[in-house]
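Me: I should like to learn how to read a structure that is new to me. May we begin with a single residue and then widen the view?

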Amino acid sequence: MKNGTSKRISAINAILLTVVSLLSIAAIAIPSAHASALLPADQCDAEAGSEHDLQRNMAFRPVATEDIRIGIALSACREAYNQGSGPRQTFELARVLHAAGQRGQAMAMLEKAAEGNHAVAMVNYAVMLGERGDHAAEFALYQKAAATGNILAAYNLGVAYRDGIGTSANGELAAQWFERASVAKDNLGAFNLAVMLDEGTQIPEDNRKAAQFYKLAADRGNIYAMVNLGLMLESGEGMAADAAAATVMFAKAAAKGDAFAQGKIAPQIGTTATAGIDPSEQASLVATKTSRLK
């Protein structure tokens with residue numbers, strides 16, 4: 001879709017580490033042993049394992065950043081680190097330190113874990129290096145982590161190639177890395193690839209494929225993809241126009257709190273945030289950059 005598009009979301013321009021559901025990892029029940037009976041390394045795994053870490057101890061459920069019990073996790077992970085545990089617990093210690101607001105110490109631990117070839121540590125350390133302006137080192141770490149099959153790294157490489165972060169911009173390579181992330185069920189990889197195919201500025205425009213990837217992302221819960229797919233269904237781009245199906249997409253996004261979608265399904269009510277606003281004016285919304293550890 002060229003200039004004049006009615007799409008609200010043109011791209012996710014930030015490198016995201018807050019993405020949820022990048023990997024579909026089945027939760028495995030925590031062993032019944034009392035936490036105090038666990039060795040420090042195991043307790044660290046139990047208290048601070050990340051769902052994005054394929055190297056984590058699968059005997060324990062992953063812990064979301066907001067659910068980390070900082071006091072317990074910090075004690076266990078510090079003890080595990082002091083006992084010479086491996087890169088995984090070093091990464092988990094970094095994760096807890098970051099959650100506790102100790103960014104400097106977290107970065108030092110991430111560097112150690114990255115040196116031990118821990119993939120998620122490489123990605124998180126790369127983001128922090130990028131925040132300090134060292135984009136060449138950032139890009140190199142994404143490449144190294146992506147070579148292990150890490151999906152966060154694949155997505156971030158897509159962003160780097162698309163936006164020219166630490167390397168020359170290359171739309172074809174960006175699309176390839178977004179597609180790799182998408183194949184691994186990453187909704188943002190699918191969404192960003194759809195946007196590139198839709199806009200046709202860095203790769204050839206292909207509205208049919210764009211609609212397919214918007215649908216993949218929408219099926220995985222991406223609200224922006226729901227909105228964009230609804231607009232394509234409404235106008236008949238890449239597919240036959242289907243007003244009913246478009247309304248279904250807008251309704252799904254509206255149910256998740258999207259004000260633009262709410263305006264699309266209830267235009268007669270002038271109380272929504274976007275009532276009376278031309279959809280093309282909504283194209284500036286992008287995600288917020290963050291280096292929160294996952």
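Reply: Let us begin with Met128, which is found in helix α5. Helices (H or I, at least four residues) and strands (E, at least two) are DSSP runs, numbered from the N terminus. The model is a predicted one, in which local features need pLDDT of at least 70 and side-chain atom pairs count only at pLDDT 80 or more, while totals for chains, interfaces and linings use all residues. Residues are numbered from 1 along each chain as its sequence is written, and side-chain values use heavy atoms, with hydrogens and water left out.

Me: Is Met128 buried or exposed?

Reply: Buried means under 20% relative accessible area, exposed over 50%, and partly exposed in between (1.4 Å probe, protein chains only). Met128 has a relative accessible area of 3% and is therefore buried. Its C-alpha atom is separated by 9.4 Å from that of Arg103, 25 residues apart along the chain.

Me: How many helices and strands does the protein have?

Reply: There are 13 helices and 0 strands. Of the 294 residues in the protein, 48% are buried.

Me: How should I read a residue in a loop, and which residues does His118 touch?

Reply: Contact means heavy atoms within 4.5 Å. His118 sits in the loop between α4 and α5, and it counts as buried because its relative accessibility is 1%. Leaving aside residues up to four places away in sequence, His118 touches Asp53, Gln55, Pro87, Arg88, Phe91 and Ala113.

Me: What should I look for in the backbone angle phi?

Reply: Most residues other than glycine have a negative phi. Asn117 has a positive phi of about 65° although it is not a glycine. The loop between α4 (103-115) and α5 (119-131) holds Asn117, and this residue is partly exposed, with a relative accessible area of 42%. Lys185, not a glycine either, has a positive phi of about 75°. Lys185 lies in the loop between α8 (171-183) and α9 and is partly exposed at a relative accessible area of 47%.

Me: How does one describe two helices that meet, and at what angle do α2 and α3 cross?

Reply: Axes are lines fitted to C-alpha atoms, for helices over the stretch in contact, and angles run from 0 to 180 degrees between N-to-C directions. The axes of α2 (residues 70-82) and α3 (residues 87-99) come within 9 Å and cross at roughly 145°. On the α2 side, the residues that meet α3 include Ile70, Leu74 and Tyr81; on the α3 side, those that meet α2 include Leu93, Val96 and Leu97. The residues of this contact divide into 10 nonpolar, 2 polar and 2 charged. Here Ala, Val, Leu, Ile, Met, Phe, Trp, Tyr, Cys and Pro count as nonpolar, Asp, Glu, Lys and Arg as charged, and the others, Gly among them, as polar.

Me: Which residues of α11 are buried, and which helices do they pack against?

Reply: An α-helix has 3.6 residues a turn, so residues three or four places apart point the same way. In α11 (residues 223-235), the buried residues are Ala225, Met226, Val227, Asn228, Leu229, Gly230, Leu231, Met232 and Leu233. They pack against α9 (187-199), α10 (207-219), α12 (243-255) and α13 (259-265).

Me: What is found at the two ends of α11?

Reply: At its start, a side-chain oxygen of Asn222 reaches to within 3.0 Å of the backbone nitrogen of Tyr224. Just after α11, Gly236 takes a positive phi of about 80°.

Technical notes:
Expected span 1.5 Å × (residues − 1). Polar contact = N/O pair within 3.5 Å; in protein donor to acceptor, adjacent residues only side chain to side chain.
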